[in-house]
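Student: I want a close look at one part of this model. Take me through the empty space a probe can find, and what surrounds that space.

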Amino acid sequence: MLKSLQYQAGQLSDLLEDLQSTGKSGSVCINAIVNSEQKPRLRVVFLNNGKIVYGGSKIVNNQELARRIGIKLSHDWAEVAVGYAAQKLQNPSSFRELLEQIVRIRVFKWEEIETCIHTQFVQVLEQTLPYPGKLELDPTVEIDLSYGKDAHGLEWNKLIQDVAHRQHQWTALARVIPSMEAVPQLLPGWRTVKTSIAQQDLHKWVDGRRSLIDIAEQLDQDPLDIARSYRSWVASSWITFGQHTPLVQTVSHVE
């Protein structure tokens with residue numbers, strides 16, 4: 001049974017803690033209202049017996065999750081391992097069983113898997129905690145994910161600590177990049193860019209409409225990593241986040 005709950009800015013952290021204390025399983029869809037003129041920012045969280053075990057921008061199946069972990073960890077054999085492990089499953093949809101198989105053949109370690117999901121979940125919290133919004137709880141949509149031999153969940157206090165640590169890093173960037181919601185714009189100097197990778201990135205993604213987090217989502221990258229790259233581009237007078245008059249763009253952006 002689907003249940004909706006409205007909440008105010010600053011209340012989401014307490015609500016997620018309360019949900020953990022219930023011992024329930026299911027999905028928690030977060031609709032964060034970042035800007036009243038835009039669509040809500042959608043994120044999904046999964047609980048398994050009261051333990052937070054996953055958070056991301058969308059629901060994925062077990063093989064999709066394993067492949068994403070392989071990409072994040074740059075494991076050459078990940079794709080082969082996922083295909084091999086999937087053939088061994090008694091429950092084809094089981095997250096836990098699939099990852100156990102991959103750990104057993106020593107392609108992933110439990111510590112690597114948990115670190116990868118932990119890092120992603122920290123970003124989910126960072127992108128939703130400051131805002132008001134709505135929760136949609138659905139106990140019928142579950143995943144059997146857990147970590148390590150003792151099948152634990154993600155550690156809430158460590159998640160919150162890492163969110164706070166990242167906030168300090170964003171604060172250090174604030175004089176150049178106000179926030180992940182800021183919109184980069186091209187300056188005339190971008191035409192002097194010599195590296196092909198930077199040229200492609202600027203031409204494709206910096207269109208005066210996409211925010212930093214929009215670009216990060218399209219690239220499936222950490223917005224903080226994107227911000228660090230863009231800080232050097234601001235210093236090179238290729239882009240601006242509002243301090244200067246931006247270039248009136250006439251280039252055609254490739255989607």
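Tutor: On a 1 Å grid over the protein atoms alone, a cavity is a set of points where a 1.4 Å probe fits but cannot get out. A pocket is an open set with protein on both sides within 12 Å along at least five of seven lines. Lining residues have an atom within 4 Å of a point. A volume is the space filled by probe spheres set on the points, which are joined across faces, edges and corners.

This is a predicted model, where local features need pLDDT of at least 70, side-chain atom pairs need 80 or more, and totals for chains, interfaces and linings use all residues. Residues are numbered from 1 along each chain, and side-chain values use heavy atoms, without hydrogens or water.

Confidence comes next. The mean pLDDT (confidence per residue, 0 to 100) is 91. A value of 70 or more is reached by 94% of the residues. Residues 248-255 fall below 50. Even so, that stretch has 18 contacts (heavy atoms within 4.5 Å) beyond near neighbours in sequence.

Now the enclosed space. The count is 1 cavity of 30 Å³ or more. The volume of the largest cavity is about 30 Å³. Its lining consists of Leu65, Arg68, Ile69, Lys72, Cys116, Ile117 and Gln120. Two helices (DSSP H or I runs of at least four residues, numbered from the N terminus) each supply at least two of these residues: α2 (62-73) and α5 (110-128). Helix α2 gives the most, with 4 residues. By class, the cavity lining has 4 nonpolar, 1 polar and 2 charged residues. Here Asp, Glu, Lys and Arg are charged; Ala, Val, Leu, Ile, Met, Phe, Trp, Tyr, Cys and Pro are nonpolar; the others, Gly among them, are polar.

The open space follows. The largest pocket has a volume of about 470 Å³. It is lined by 22 residues. Arg68, Lys72, Gln120, Gln123 and Asp220 lie closest to its centre. Arg68, Lys72 and Gln120 also line the largest cavity. The pocket lining draws at least two residues each from strand β4 (51-56; a strand is a DSSP E run of at least two) and from helices α2, α5, α8 (212-219) and α9 (223-235). Here α5 gives the most, with 7 residues. The pocket lining splits into 6 nonpolar, 8 polar and 8 charged residues.

Two glutamines fill in the picture. Gln221 sits in the loop between α8 and α9. With a relative accessibility of 41%, Gln221 is partly exposed (between 20% and 50%, 1.4 Å probe, protein chains only). Beyond four places in sequence, Gln221 contacts Gln123, Ala216 and Ile226. Its C-alpha lies 9.8 Å from that of Gln120, although the two are 101 residues apart along the chain.

Gln127 belongs to α5. Gln127 counts as buried (under 20%), because its relative accessible area is 6%. Outside a window of four places in sequence, Gln127 touches Arg41, Arg43, Met180, Ile213 and Pro223.

Helix α5 also matters for the packing count. The largest nonpolar core (buried Ala, Val, Leu, Ile, Met, Phe, Trp, Tyr and Cys joined through side-chain atoms within 4.5 Å) holds 49 residues. Tyr54, Ile102, Leu135 and Leu145 touch the most other members. The largest share of this core, 7 residues, comes from α5. A second, separate core has 25 residues, including Met180 and Trp233. Met180 is one of the residues that Gln127 touches.

Conventions:
pLDDT = per-residue confidence, 0-100.
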